[in-house]
Amino acid sequence: MTDERLVSFFRSLDRSRFMEESYQDLAGIDAAFPIRCGQTISQPSLVLYMTDKLRLDHTCSVLEIGTGSGYQTAFLAHFARWVHTVERISELSQLARSRLTELGYRNISYKTGDGSSGWIEHAPYDRIIVTAAPRFMPDDLTDQLAPNGIMILPLGKRGRQRLLRIERSAEGIITNTHLLDVAFVDLVGKYC
Ligand code: SAH
């Protein structure tokens, strides 16, 4: 995947389709906005940044924790082979599924529940992305990362969150890189 392909996909995807009606006019603004159930749709520049750092290709199986509006999921489904996405709020999961199905995506599996422990049935994953912040490192997710796998996640409590890239080498060695300071909603579940 190249930056150019990512930017061109970003331009082709109508973000307003993932937003509540009252915010749709603001879809072109680079900010997070409220969606239902007290959650948010992520800021587009951060979606682009996180997708880029995942270094996706069409062989990748991806696990996403925090489907939310489904906006980030569309990027994953476009550049990867298969996406397994987990959302704890059933209403959001169903809404995201209907939007993404309408847009033609057929390479996504949806699950409602606590994603802090991953989705063991389909593990290991080449890539994992978490779009809500756990307080503590979710070891269950790291365990589900394949050799040569990459996980991007925000970690820490509000006001002190860091976006991290976790990599597992072919030999199984885990390394951890601090990318940015960020502000995500809290992950609710085992690692909060
Ligand atoms: N990338 C999404 C961001 C949604 S906000 C978008 O752009 O729309 C983060 C989402 O994570 C919320 O929908 C929240 O309900 C969900 N979430 C929080 N804790 C979770 C958990 N333990 N398992 C699965 N989803 C969770």
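A polar contact is a pair of N or O atoms within 3.5 Å. The model shown in these views is predicted.

**View 1. Polar contacts of the ligand with Glu87, Ser42 and Arg88**. Glu87 makes its contact through the side chain: one of its N or O atoms is 2.6 Å from an oxygen atom of the ligand. Ser42 uses its backbone instead, with a polar atom 3.0 Å from an oxygen atom of the ligand. For Arg88, too, the backbone takes part. A backbone N or O atom of Arg88 lies 3.2 Å from a nitrogen atom of the ligand. The protein buries 99% of the 580 Å² that the ligand exposes when taken alone.

**View 2. The shell of residues around the ligand**. How many residues surround the ligand? There are 25 of them. Ser69, Glu87, Asp114, Gly115 and Val188 are the closest. By type, the shell holds nine nonpolar, twelve polar and four charged residues. The ligand sits in the largest pocket. Two elements give two or more residues each to the shell: strand E2 (40-41) and strand E4 (82-87).

**View 3. The largest pocket**. Its volume is about 530 Å³. The lining counts 36 residues, and those closest to the pocket centre are Gln39, Thr40, Thr131, Ala132 and Val185. Which elements supply at least two residues each to this lining? They are E2, H2, strand E3 (61-65), helix H3 (71-79) and E4. The lining divides into 15 nonpolar, 15 polar and six charged residues. This is the pocket in which the ligand sits.

**View 4. The one cavity of 30 Å³ or more**. The structure holds one cavity that reaches this size. About 30 Å³ of space lies inside the largest cavity. Which residues line the largest cavity? The lining is made of Ser42, Leu46, Val47, Met50, Gln72, Thr131 and Phe184. Helix H2 (residues 44-54) gives the largest share, three residues. Four of the lining residues are nonpolar, three are polar and none is charged. Two names return from earlier views. Ser42, part of this lining, also has a polar backbone atom 3.0 Å from an oxygen atom of the ligand. Thr131, also part of this lining, is among the residues closest to the centre of the largest pocket.

**View 5. A cis peptide bond at Pro124**. Is the bond from Ala123 to Pro124 cis or trans? The bond is cis, with omega near 5°. Pro124 is found in a loop, between strand E5 (108-112) and strand E6 (125-130).

**View 6. A positive phi at Cys37**. Where does Cys37 lie? Cys37 is in the loop that runs between strand E1 (33-34) and E2. Phi of Cys37 is near 60°. That value is positive, in a residue other than glycine. Strand E2, at one end of this loop, also gives two or more residues to the shell around the ligand.

Terms used
Residues numbered from 1 in each chain as written. Predicted model: local features only at pLDDT ≥ 70, side-chain atom pairs only at ≥ 80, totals over all residues. Heavy atoms only, no water. Near = heavy atom within 4 Å. Polar contact = N/O pair within 3.5 Å; in protein donor to acceptor, adjacent residues only side chain to side chain. Areas by Shrake-Rupley, 256 points an atom, 1.4 Å probe, with all protein chains shown as cover. 1 Å grid on protein atoms, 1.4 Å probe; cavity = no way out; pocket = protein on both sides within 12 Å on 5 of 7 lines; lining within 4 Å. Sits in = over half its atoms within 2 Å of the grid points. Helix = DSSP H or I, 4+ residues; strand = E, 2+ residues; numbered from the N terminus. Nonpolar A, V, L, I, M, F, W, Y, C, P; charged D, E, K, R; others polar. Points joined across faces, edges and corners; volume = space filled by probe spheres on them.
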